[in-house]
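Please open the structure in your viewer and keep a selection tool at hand, since this tour moves from one selection to the next and says what is found at each stop.

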Protein chains: 2
Amino acid sequence: MGERTQRVDARANRGRILDVAEDVFGRGGEAASTEEVARLAGVGIATVFRHFPTKAVLLQAVLVRRFDRLRSQAEALLGAADPGAAFYDFFRHLVADAATKIAIGDALLGAGGDVSGEAIEAGNGLRRAVGALLERAQRAGAVRDDAELPEVYALLVAMSRAAAHRSLDDEVRDRALAIVFDGLAPATR
Amino acid sequence: MGERTQRVDARANRGRILDVAEDVFGRGGEAASTEEVARLAGVGIATVFRHFPTKAVLLQAVLVRRFDRLRSQAEALLGAADPGAAFYDFFRHLVADAATKIAIGDALLGAGGDVSGEAIEAGNGLRRAVGALLERAQRAGAVRDDAELPEVYALLVAMSRAAAHRSLDDEVRDRALAIVFDGLAPATR
């Protein structure tokens with residue numbers, strides 16, 4: 001096996017391990033272990049540890065990738081025809097996503113404490129992208145002008161946390177979101 | 001020492017232990033231990049364990065007392081002259097309170113999982129009292145008619161969790177609450 005093939009394989013393994021880890025740790029619970037990740041990714045535990053020396057390093061990598069993916073999704077919406085719908089839909093997407101990924105969702109938006117510099121940077125990237133979506137929605141008159149990113153992001157984190165921790169009924173979650181969105185709407189409603 | 005005196009002393013000890021435990025576990029962190037509770041309450045560790053055989057039992061008792069106290073505060077507000085102010089002020093009070101009591105606040109409103117029947121019942125009592133405040137505020141035209149308790153409580157839990165976990169800046173927290181309150185206001189604003 002040539003060096004290049006080995007590198008390609010290594011990259012494929014890394015990607016597969018991250019996919020599986022996001023799923024396994026996202027579900028949380030007893031079965032969420034590095035061993036389970038190796039088993040489901042179809043690689044040896046030694047391979048996992050070669051890529052990610054500790055569980056913390058693996059989780060960091062999952063977090064960073066998750067932040068980056070969400071940021072890309074937000075950025076893609078910056079070209080959307082309806083800036084208001086883009087903002088509110090992404091808000092709803094983040095919250096709904098958190099509900100199904102309790103364990104990672106927790107670390108995801110609450111990023112702080114033991115989270116590495118790289119994950120914090122990725123989290124800040126997502127925050128900036130949400131800020132850009134917000135600004136665009138405000139210019140389009142779909143979000144009140146006096147709402148600033150810190151409080152909007154606090155609402156996003158709050159709703160995500162509530163959805164993730166209490167496994168809220170989807171209908172109740174949507175009604176709670178509708179109230180928040182009415183609060184974010186310009187005064188004339 | 002007579003039996004009655006002993007009983008009175010025991011009750012005083014129990015109350016003091018609970019006061020201290022609420023404070024110690026509310027602050028969270030490394031120092032939050034039953035030993036620390038005993039030290040600050042000025043009793044021996046054996047006395048703490050006589051009243052509360054395990055740390056879990058002690059925490060349950062703290063939780064129950066906290067729910068009961070909040071419920072009493074909510075019920076007292078049912079006679080307030082301004083039902084709208086009573087509802088919004090209590091909402092704000094719960095959220096602000098959670099921010100300073102990270103560890104207990106977490107268990108407090110997210111009550112579920114390992115929480116005992118007694119604590120769940122106390123939590124439900126608080127929820128009912130919030131429901132009564134909400135209904136009164138709606139009758140007074142201060143909260144939109146179509147907001148129901150499940151989503152209002154979800155918002156309360158969400159904002160409390162966000163305030164507790166991220167130690168949100170007070171100003172940002174208040175601005176986020178203002179957005180939620182605008183969402184809860186009747187449509188004519």
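Begin by colouring the two chains separately and selecting the places where they meet: in this predicted model, 30 residues of chain B are in contact with 30 residues of chain A. With a surface switched on, you are looking at an interface in which chain B and chain A bury about 2,500 Å² between them, and 63% of that area lies on carbon and sulfur atoms.

Next, show the side chains at this interface and look for the charged pairs, for across the boundary of chain B and chain A there are 4 salt bridges. One to centre on is the pair Glu151(B) and Arg175(A), whose closest N and O atoms lie 3.0 Å apart. In general, side chains of opposite charge can pair when their charged atoms come close. If you display polar contacts as well, the count between chain B and chain A is 4 residue pairs, with both residues of each pair at pLDDT 80 or more.

Now hide chain A for a moment and select residues 149-166 and 170-184 of chain B, which are α8 and α9; each of these helices supplies at least two residues of the side of chain B that touches chain A. Which helix gives the largest share of that side? It is α8(B), with 11 residues. Colouring this same side of chain B by residue class gives 18 nonpolar, 3 polar and 9 charged residues.

Leave the interface and select residues 3-27 and 55-76 of chain B, the helices α1 and α4, which pack at an angle of about 90° with their axes 10 Å apart. At that angle, α1(B) and α4(B) are therefore roughly perpendicular to each other. To see how they meet, show side chains on both helices: residues including Ile17(B), Leu18(B), Glu22(B) and Phe25(B) of α1(B) meet residues of α4(B), among them Leu58(B), Leu59(B), Val62(B) and Arg69(B). The residues of this contact divide into 8 nonpolar, 1 polar and 7 charged.

Finally, bring chain A back and widen the view to every chain, where the structure holds 30 salt bridges in total. Select Glu22(A) and Arg69(A), whose side chains meet in a salt bridge with an N to O distance of 2.8 Å. This pair links distant parts of the chain, since Glu22(A) sits in helix α1 (residues 3-27) of chain A and Arg69(A) in helix α4 (residues 55-76) of chain A, 47 residues apart.

How values were computed. Residues are numbered from 1 along each chain as its sequence is written. Chains are lettered from A and ligands numbered from 1 in the order in which they are written. This is a predicted model: local features need pLDDT of at least 70, side-chain atom pairs count only at pLDDT 80 or more; totals for chains, interfaces and linings use all residues. Side-chain values use heavy atoms; hydrogens and water are left out. Contact means heavy atoms within 4.5 Å. Buried area is the accessible area (1.4 Å probe) that two parts lose on being put together, summed over both. A polar contact is a pair of N or O atoms within 3.5 Å; within protein, one must be able to donate a hydrogen and the other to accept it, and residues adjacent in sequence count only if both atoms are side-chain atoms. Helices (H or I, at least four residues) and strands (E, at least two) are DSSP runs, numbered from the N terminus. Ala, Val, Leu, Ile, Met, Phe, Trp, Tyr, Cys and Pro count as nonpolar, Asp, Glu, Lys and Arg as charged, and the others, Gly among them, as polar. Axes are lines fitted to C-alpha atoms, for helices over the stretch in contact, and angles run from 0 to 180 degrees between N-to-C directions. Angles under 35 degrees count as roughly parallel, over 145 as roughly antiparallel, 65 to 115 as roughly perpendicular and the rest as oblique.
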